[in-house]
Structure formats: C-alpha cells, structure tokens
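Me: I would like to learn how to read charges, burial and contacts in a model. Could we go through one together?

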Amino acid sequence: MRRAVTAAESVTRRRRLGSVTGLAVLCAALAGCGIRTTSVPVDAGAAPSRVPCELAPEDIATQSTPGIPLEVYLVCGAQLVSVDRAVRIPEEKLMSDRVRVAQTLLDELQRDPSAEEKQAGFTTVVRDTLAVSGPREGDAKNALRLSSQPEDLPTHALAQIVCTYADSAASGSDGAVVLGGPSDDPARGYQCTSALKDRPDAVPTVGEIRPSR
C-alpha cells in the first residue's frame, strides 16, 4: 500500500517545485535576452571610454590654419596627449629665438581648446597669467624663467609646459627643460618621460642645474 503523505511532506514538495519553477523562469529570461548562463565569473574588461583623446581627420582639417606647425601637450583622460597647432609668426624669428619659441608655446597652452578638441576631451590647466623670460645672470644658458615658481604651479600645468618645451627649440641639447621662477632659487632641469605623460600629477626633476662656466 502507498504510504499517506503527511502535511509536512506536502509543504516541502511544494517549496521544491516552486524553486525549480522559479529557476526555469529565470533561465528562460536570460536566454531571451541573449545572455548565456555560466557557472564561473566572467571578466568582461573595463567599460569602453567615452573620451577618445584623438581628433578625427575631419576635425583636424577644420581647425587647421596656415602657419608654422607646433605641437603642444594638453590634458585628456588624466594623461598628457599631444595636439598639433599652427602659429602665424615668421619662421626665421620663431626658430632663432628660444624665448620667443617658449612664449609662443606658452600662449598656445593658455589658449582655450577648440570646439573639436573639447569634444574629444582635451583641456588645459595652464593659466593665462603665466609668462616666460630668458635666463638671468648666473643661470645656465638654456634656462627659462617663469613668472611663477615652477613648484607652485599645478602639477598638470607644469607637466604640460615641460613636455611641450621638451619637443621644441626651447629645450636644451639633451632634451632637458631648465626652468626657474621669479625668486633667486636656481633653475632646475625637468625631463618629459613616458611616465610623466601617463602620470602628469607627479613631475620629476633631474636635479639642480648649475651655471655654465
């Protein structure tokens, strides 16, 4: 004879049936959304960035103007990325005067990014009150003096200046950028490295630059 089912067993069976039914519904829902179930965690990687940090070819053509091509470094996605600019200054004057080169590049860093650059995520943190001049007595010949102490500038701004100057005639023969401020403190040398471009919040120095004999 078949044993009578107790009330407790009946409740347990209904609970099991409900769990199985709920699991089937969940699996059907996942399958309907095109999601494959898996028993192990899946690393899908980082979410795609919405900031390309790169100008489209049509944007470059739109913002290009006749003049001498220059390269400046702007901030994009917490990194330094180079952008091409053009200035309308006679080439012989620009290339023969280091201070003129430095001031021209500084002007470009202070200029608001174009609409295309902003859309691509570019910004600049170099303030428009900053100016640059040549070496003073006792400085190395390739030194440049800013109107503010380099160490007092926002780290991203100093990194922009260092990397922009390093790729131009404003740097020394070894690629070092020698910068000082309005104080009597000696000018120091800065290097634009790959690490600096990736982490412009920490600007390394290459030590104190002594006057040339």
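Reply: We can begin at one loop. Asp 185 sits in the loop between strand 5 (177–180) and strand 6 (188–190). Keep in mind that this is a predicted model.

Me: Is Asp 185 buried, partly exposed or exposed?

Reply: Relative accessibility decides it: under 20% is buried, over 50% is exposed, and partly exposed is in between. Asp 185 has 41% relative accessibility, so this residue counts as partly exposed.

Me: Which residues form the negative surface patch?

Reply: A patch takes residues with over 30% relative accessible area and no salt bridge, with like charges joined within 9 Å. Here the negative patch consists of Glu 151, Asp 152, Asp 185 and Glu 208.

Me: How many helices and strands does the protein chain have?

Reply: The protein chain has seven helices and seven strands. Along the sequence their order is α-α-β-β-α-α-α-β-β-α-β-β-α-β.

Me: What share of the residues counts as buried?

Reply: The protein chain has 213 residues, of which 33% count as buried. Ala 120 is one case: its relative accessible area is 5%, so Ala 120 is buried. This residue is found in the loop between helix 5 (115–119) and strand 3 (132–133).

Me: How is Ala 120 placed relative to Cys 53?

Reply: Separation along the chain and separation in space are read independently. Ala 120 and Cys 53 are 67 residues apart along the chain, while 5.3 Å separates their C-alpha atoms.

Me: How many salt bridges does a search of the whole structure find?

Reply: Side chains of opposite charge can pair when their charged atoms come close. The cut-off is a side-chain nitrogen of Lys or Arg within 4 Å of a carboxyl oxygen of Asp or Glu. In the whole structure, the search finds six salt bridges. One of them pairs Glu 108 with Arg 85, at 3.0 Å from N to O. Glu 108 belongs to helix 4 and Arg 85 to strand 2 (residues 79–87), so this pair ties together parts that are 23 residues apart in sequence.

Me: Where is Glu 108, and is this residue buried or exposed?

Reply: Glu 108 is in helix 4, which covers residues 98–110. With a relative accessible area of 8%, Glu 108 is under the 20% limit and therefore buried. Its partner Arg 85 is buried as well.

Me: With which side chain does Glu 108 make a polar contact of 2.9 Å?

Reply: That contact is with the side chain of Arg 111. The pair of Arg 111 and Glu 108 is also a salt bridge, with 2.9 Å from N to O. As for burial, Arg 111 has a relative accessible area of 37% and is therefore partly exposed. The side chains of Glu 108 and Arg 85 are likewise joined by a polar contact, of 3.0 Å.

Me: Which residue does Asp 139 meet in a salt bridge?

Reply: Asp 139 meets Arg 145, at 2.8 Å from N to O. Each partner can then be checked for burial. Asp 139 is buried, with a relative accessible area of 14%. Arg 145 is buried too, with 4%.

Me: Which residues are joined into one network by salt bridges that share partners?

Reply: To read a network, look for a residue that appears in more than one pair. The residues joined into one network are Arg 85, Glu 108, Arg 111 and Glu 117. Within this network, Glu 108 pairs with Arg 85 and with Arg 111.

Definitions and conventions
Residues numbered from 1 in each chain as written. Predicted model: local features only at pLDDT ≥ 70, side-chain atom pairs only at ≥ 80, totals over all residues. Heavy atoms only, no water. Patch = residues over 30% accessible without salt bridge, like charges linked within 9 Å, V, L, I, M, F, W, Y side chains within 5 Å. Areas by Shrake-Rupley, 256 points an atom, 1.4 Å probe, with all protein chains shown as cover. Lys, Arg positive; Asp, Glu negative; His and termini not counted. Charge placed at Lys NZ, Arg CZ, Asp CG, Glu CD. Helix = DSSP H or I, 4+ residues; strand = E, 2+ residues; numbered from the N terminus. Buried < 20%, exposed > 50% of the residue type's maximum accessible area, 1.4 Å probe, protein only. Polar contact = N/O pair within 3.5 Å; in protein donor to acceptor, adjacent residues only side chain to side chain.
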